[in-house]
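Hi everyone, thanks for coming. Let's have the structure up on the screen, and I'll walk you through what lies inside.

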Amino acid sequence: MVRLADQIDWHRLDTAFGTTYSDRGRPGISTRLMVALHYLKYTFDLSDEEVILAWVENPYWQYLSGMSHFEHRPPINPSSMSRWRRRVGESGAEELLGETVRTGLRLNLIRRVQIRRVNVDTTVQEKHIRFPTDARLYNRMRERLVRQARHEGVNLRQSYARVGKRLLVQQSRYAQARQFKRAAGCTRRLRIILGRVIRDVERKHPNPSPLLAELLGLARRLFAQQKLDKGKLYSVHAPEVECISKGKVRKRFEFGCKVGLGVTSRGGWVVAAKAFHGNPYDGHTLAMTMDQLTRVTGRLPEYAFVDLGYRGHDYSGECEVVVSKRRRGRTPRRLWRWMRRRAAIEPTIGHLKEDRRMNRNRLKGREGDAVNVPLSGAAMNFRKLLRALASLLPIFLTWYRATQWQLRARTGLRALEGVLLAG
């Protein structure tokens, strides 16, 4: 980590993020500290609070952050990290991803020939929400409406707190016992109660605040939606969540947003990671993924290998897009061995989800979705850089010892020459 800290271009990052700071007010937090904390947070799958506590105990993490002496107190409040992410946005997270790629190129751990061929695929970044059922959504929306209305001084006729809790428990028990008609009756009752609360708030508070007006809009949307509607509401606190089906047997539906990934065919380095909302067709995400890949690496690959989901894609650049065919004979022979490596992107997706915080995104809103994906890819590259430097450590120590021996020998000879000349 010490060697990697000396290779990262911190001056470039200071220049890139300098536009997000102001000359007025209290002094800003060091850019190097914030960048290092986010690399460590996503590399080791920690929360903001956990990475701050671990930073206090680890001298190597402090050296990566630019500290000259060991610190015994937390450098910042964990809430500063969320504000910094909101300030730099998606472009800042993409800059962190690009710096890991540039560092790998400077260390010759990423060879330029590896960027000539990339694998592109899509996956789903799930949001940190409960599994959406109608009963849960009706009850949670009623609770949020009642809480906000009381906060604004609205005297509701009835809150239905005890009735709603009892009906939700009964619905869960009936569903577990496979008594679906009784469970459906409890769900209808919860929907009726939600409608009563909506009408009561609208009648008694005709000029609601922006927050209450937003909740009322979501409540009307939830109250009116039907089973086969599109654009349904799946979460009260995360209304941007979409239902995406990728054809998995073990998990038929996933709730979050679609993600486009670009990974080198050799080496498995993440060179593009972008979130897409609206559940677009896979082929319609290729152009934006390739644009980000070009910005991150600074060069355009020669070949991009994709699966059958990219048939009819929207990319029209100079890179040759090779779509997987159902039979071997339809793919040119010179590209067949590289097409077989297209499946190598699947383990990378698994590591990004399970180890790099892309499985359950906890950042708020669409901005949180857009920031979380590039940071996960940057952490993947950061971990690979650490492991590559660790494997080169014995070679480095051998070279260092030989250099020190030669230096001591030369120093001894010079000292002997000085004694002889003085004599």
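The largest cavity here has a volume of about 40 Å³. Keep in mind as we go that this is a predicted model. If we count cavities of 30 Å³ or more, we arrive at one.

So which residues line the largest cavity? Going along the chain, we have His-38, then Trp-84, Arg-85, Val-88, Gly-89, Gly-92, Ala-93 and Leu-96, and finally Val-371 and Leu-375. Two elements each give two or more residues to this lining: helix 6, covering 79–106, and helix 14, covering 365–391. Of the elements, helix 6 contributes the most, with seven residues. In terms of character, the lining has six nonpolar residues, three polar ones and one charged one.

Now let's turn to the nonpolar cores. The largest one has 72 residues. Which residues have the most contacts inside it? They are Val-35, Leu-37, Val-51, Leu-64, Leu-96, Val-120 and Leu-286. You've met Leu-96 already, in the lining of the largest cavity. Helix 14 is back as well, giving this core its largest share, 11 residues.

Take a moment to find Val-35 on the screen. Setting aside neighbours within four places in sequence, Val-35 is in contact with Trp-10, Leu-13, Phe-17, Trp-84 and Leu-96. Two of those names, Trp-84 and Leu-96, also belong to the cavity lining.

There is also a second core, separate from that one, with 27 residues. Among them are Tyr-160, Leu-167, Leu-212 and Val-236.

That's my tour, and I'm happy to go back to any part of it.

Methods. Residues are numbered from 1 along each chain as its sequence is written. This is a predicted model: local features need pLDDT of at least 70, side-chain atom pairs count only at pLDDT 80 or more; totals for chains, interfaces and linings use all residues. Side-chain values use heavy atoms; hydrogens and water are left out. On a 1 Å grid over the protein atoms alone, a cavity is a set of points where a 1.4 Å probe fits but cannot get out, and a pocket is an open set with protein on both sides within 12 Å along at least five of seven lines; lining residues have an atom within 4 Å of a point. Grid points are joined across faces, edges and corners, and a volume is the space filled by probe spheres set on the points. Helices (H or I, at least four residues) and strands (E, at least two) are DSSP runs, numbered from the N terminus. Ala, Val, Leu, Ile, Met, Phe, Trp, Tyr, Cys and Pro count as nonpolar, Asp, Glu, Lys and Arg as charged, and the others, Gly among them, as polar. A nonpolar core is a set of buried Ala, Val, Leu, Ile, Met, Phe, Trp, Tyr and Cys residues joined through side-chain atoms within 4.5 Å. Buried means under 20% relative accessible area, exposed over 50%, partly exposed in between (1.4 Å probe, protein chains only). Contact means heavy atoms within 4.5 Å.
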